[in-house]
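Q: I'm new to this one. Could you walk me through how to read its features?

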Amino acid sequence: MSHDFGLWIAALLTLCIFSFLYKDNPFYKFAEHLFVGVSAGYYIVLNFWTVIMTNLWDPLVKAFSNPGTFSPQQGDYRALLLIPGILGLLLFTRLFGKIGWMSRWALAVIIGVYAGLKTTGFAQSDLVAQVQASLQPLWTGSLGQSISVILFTIGLICSLLFFFFSREHKGALGVASKIGVYFLMISFGAGYGYTVMSRVSLLIGRFQFLLEDWLGFK
Amino acid sequence: MLHSPCGAQGTTPPSGGMPAPAPASGLTWTDVVNDAGRAVTLTWKLSPDDDGRRVLYYYIERSNSPAGPWTVVDSTIAGVNTRTDQKVRRNTDYFYRITTVGPGGKTPALSVTGPVRATSQWINQTRWSVLVFMVMFFGFVLYFIASAQAGRKPFVRRIPGIDAIEEAIGRATEMGRSVLFIPGVQDIDDIQTVAGLVILESVAKITARYETPLTVPVAYPIPFTIAEEMVKSGYLHAGKPDRYDPNSVRFVSPEQFAYVAAITGIMVRDRPAAHIFMGSFYAESLMLAETGFSTGAIQVAGTANVHQLPFFVVACDYTLLGEELYAASAYLSGEAKLVGSLKGADLLKIVVIVTVIVGCILETMNLHGLTEWMKTQ
Amino acid sequence: MKREIPLFITAAIGLYMILSFFVPHQFVSVPADFLQQCAIILVAFGYVLGGANALRVNFDTIYKRQSGWPYKAVLVAGLLTTLIIGLADGRNWQDETTRSMWIYNRLYSPMQATMFALLAFFIASAAFRAFRIRTVEAGLLAVAALIVMLGRVPVGNWATGFLPHWAQLGTVQEWIMNFPQNAAKRAILIGAALGVMATGLRVILGIERSYLSGED
Amino acid sequence: MGLESIEKLDRRWLFLLMGLLVLGPLIAPIGLPLTVSVPVQGFFDTVAKVPDGSTVLMSCDYDPASRPELVPMTKTAMHQLMDKNCKVVVTVLWPGGPGIVDQTLREVMRESYPAKKYGVDWVNLGYKAGNEAVMVVMGQGIANAFPEDYTSQSTTDYTKLPIMRGVRDYSSFPLLVNISAGYPGTKEWVQQVQSRFHLPMVSGCTAVSAPEYYPYLQSGQLQGLLGGMAGAAEYEKAYGHGLKGAATKGMDAQSLAHVFVAICILLGNVVQITRRPGGAA
């Protein structure tokens, strides 16, 4: 058995969480609340040191202590970081009822940036690139391979038709979307089976921690 | 990037009496296109001694004048004759030379290349295909929105998973228990979170109408802030702003599994009768859905994360798959404008299918034009 | 004005970000980088709001002695301790020997790994209940799951070792992943991309704007 | 137990069974049938062909998250090399790795080779930041990239670390053993070192990244590949010597768990079919 105090804490918390499998109990409740508190605190600290200090405070200090080096056209827009600094402080107006509407400016900036970025990002990586990758020769010279590719193409088209919203799924569209559902179901089943391995590995990892590190069982 | 701690000064001791390698030569440069003028690509002829023993690396050295002083900006291993310098300032003249490094010492190239100048471009030439698809899509959507506003409300098929949301809330009301809404485990930069939060507004409208308590634990702070607005707005639009409970929307923790621990706690202790999962989910999907199932609640889920759909499909009563999640907000609101955008997406699906069929035929005929055109960077 | 200004900000920034995807020139790309930086910083400010909400809700419960209040006290204590130690540790709070790292290694990371490991159990209980072959769809789901799951461990190949190579579980498993599974996955990705684009457009054009429409 | 009681089975029985099936083999391995596949045999044979007494480079590029898969490989490889009286120089390119790697190797040495000495028969040079750049610098001289070992002793002080006397650059090693969890790892070693210095190389990697490395195996750039826990277990079998391998135990647990989930699916269906007269679905 280990004589490391920290290891004991870690092992006991591990057991507290496993106890949830039997039923909800005070040990699990304790671990759950501790975990929520510690992790929330951790993320606040993380964002403070890695974003607020690194991306905002340090560049601002540099920009204002040494103004000569400020050159926006080369991507050095440090002094302008005052803007997000102020908008960020405006977020706190939410805590003071009446003027809470000012926080929406910050929200508007965040939403605008991500809506624009993701719209183009997905258009490229998940629309054009995925379609592009699906353009493949249907006859590859080998019968087995060709059948697989044709099957792939049919599956792709039918599954896409399943997502058709503006027509009732009847007639030809009904047949195609039904085939699409079959493909989706195979995909979900396969996805489930594929994941079993890594989940079991995680459990093995936890048991090894308890057996080897904590109990010293080799 | 200066890789070597030995740097340009070179402390490599000559060993075994091997002579310094012959220099590399013929350095040429091209400006990297489709960028903001921040990179140049350099290509050179390998040293004649580059035979696997006598040359170790090439240092790429840069200077602002042909006379030096030279700084090593990058290096390649022997046998590699090209590198892109991504640390240049645009519209600035540079001079480059290649220094060949071997066990026997270092030899700078005999000539210097320059002035080298990186410039920026106004359009990314590799993204025309994306632009075409996007313009087409936006055109379709705007057209159908306009036509919907003109009074022609487009038809939308039933989406059972979405109808199930109201049913689930109805049952929670009958049982006198609450509704639990989970807007996913990702931050606002994931558009699924936005979609989930938009659905939350419709859900809040229904719970306000039925006067059923609503609990919304949120993982990240900005979605939490928006969720507050959404729930307030839902209660306002249902005409019951006084029923809004400021404690119904709670910030929990961005740590995925701490968030899950808290939610499973709510599930087994408060016993909500309806669980609605709408947004981006990862490994925790199965844990949420299985624990939720064991409490006997009606569960409706929706996510576009392909790898997690299996777990919702097997453990929830209804699951919105991929695009259905995004369609849900339009469908729930029933607003003609929003529904118009669904019709636009359908039309683009036809375009995609035609592209796939035509593209596969072209590829089979050994014509690669379309595939090449659709390659992006 | 309380609604129009935010709507205008979202529309202008959103369209600008779309433009910056196609135009690499510095007049466009540099402000676009700056806007992204802004979003990251604003999101970080949000954490303080989140922390304040967590403390308010939980202090409320503790103060009113509602059921489970001692656990809420554990939560608050955990949050404040981690926060104070993390700030006191200074910039190098993630060094190997700090108290923050002790909290991370001994509290945070074992609990996280154990929660994650619980999935192995749920995967069994869901399999028992949910893979019942009532319809063709459910049958495909169950059969695909069985093949892929067994094809990924040596036992599967051992059990089908007498068959020709192409019919062994490992090979079939790989084929399912590469063709049918991939086809459906790609269709979902393409559909979801259209959904993202539609949602993005609706947000940018201000058709979807409830996030800006509280009571005042 | 009647079928109705299976139908109403408390899922906690399933949890318990799952827990026991994973825990059991970890305590008492059963040794389910394993066939050593070609890439694993290649790994074993390549290591076996290294001249006895030569110095081998082993880069352990992973962190604790990959422990169940990669630690057993590391141990078996160390065993195989030590049995041949080889000397082993260990490097780490993952920031979270040195702790677990050092602990693993010291354990192997303490338990199985107490006569061999740190600094003489093996050395752990620890972690160096820089990914591929470190590989490149190592080509100039191992001591240039790693001026100190994990215990902060100078790698050029041959009185403390006599093993380093015979180590100059990649040409000092007849073999590179890479245990890799992703980036930087096998792909980078192949591109930066194997293809450049023609240093024979074998790799052990996680199950997730194995398909990515198969092409290197086909092209002969890798002489052997261990993929995930299954690869580690097969390697333990190939090595033999009655090694009580963690991967063999883990693989037993993994296989039993998979079979158990499969039985859950089948049992669910048995209940389903027998519940309805005629068994029609």
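A: Sure, let's begin with an interface. Chain D and chain C bury about 2300 Å² between them, with 76% of that on carbon and sulfur atoms. Buried area is the accessible area (1.4 Å probe) that two parts lose on being put together, summed over both. This is a predicted model, where local features need pLDDT of at least 70 and side-chain atom pairs count only at pLDDT 80 or more, while totals for chains, interfaces and linings use all residues. Residues are numbered from 1 along each chain as its sequence is written, chains are lettered from A and ligands numbered from 1 in the order in which they are written, and side-chain values use heavy atoms, leaving out hydrogens and water.

Q: Which elements give two or more residues to the side of chain D that touches chain C?

A: They are α1 (3-7), α2 (11-27) and α11 (246-275) of chain D. Helices here are DSSP runs (H or I, at least four residues), numbered from the N terminus. The largest share, 16 residues, comes from α11(D). That side of chain D divides into 20 nonpolar, seven polar and three charged residues. Here Ala, Val, Leu, Ile, Met, Phe, Trp, Tyr, Cys and Pro count as nonpolar, Asp, Glu, Lys and Arg as charged, and the others, Gly among them, as polar.

Q: How many residues does each chain bring to the contact?

A: Chain D brings 30 residues and chain C brings 21 residues, where contact means heavy atoms within 4.5 Å. Across this interface the rule finds zero salt bridges.

Q: How do I read a salt bridge, and how many are there over all chains?

A: Side chains of opposite charge can pair when their charged atoms come close. The rule asks for a side-chain nitrogen of Lys or Arg within 4 Å of a carboxyl oxygen of Asp or Glu. A search of the whole structure finds 32 salt bridges over all chains. In one of them, Asp24(A) meets Arg269(B), with the closest N and O atoms 2.7 Å apart. Asp24(A) sits in the loop between α1 (5-18) and α2 (26-65) of chain A and Arg269(B) in helix α5 (residues 256-270) of chain B, so this pair joins two chains.

Q: Are Arg129(C) and Glu290(B) buried or exposed?

A: Both are buried, meaning under 20% relative accessible area, with exposed being over 50% and partly exposed in between (1.4 Å probe, protein chains only). Their side chains meet in a salt bridge (2.6 Å, N to O). This pair also crosses between chains, from helix α5 (residues 119-130) of chain C to helix α6 (residues 284-294) of chain B. There's a network of salt bridges too, linking Arg94(A), Arg104(A), Glu228(B) and Glu229(B).

Q: What about aromatic pairs: how many does the structure hold?

A: A pair of aromatic rings is described by the distance of the centres and the angle of the planes. Rings of Phe, Tyr and Trp (its six-membered ring) pair if their centres lie within 6.5 Å; planes under 30 degrees apart count as stacked, over 60 as edge-to-face and the rest as tilted. The structure holds 34 aromatic pairs over all chains. Take Phe43(D) and Tyr235(D): they are edge-to-face, 4.8 Å centre to centre with 65° between the planes.

Q: Where do Phe43(D) and Tyr235(D) lie?

A: Phe43(D) is in helix α3 (residues 38-49) and Tyr235(D) in helix α10 (residues 228-239) of chain D, so the pair ties together parts that are 192 residues apart in sequence. Phe43(D) is buried at 0% relative accessibility, and Tyr235(D) is buried with a relative accessible area of 0%.
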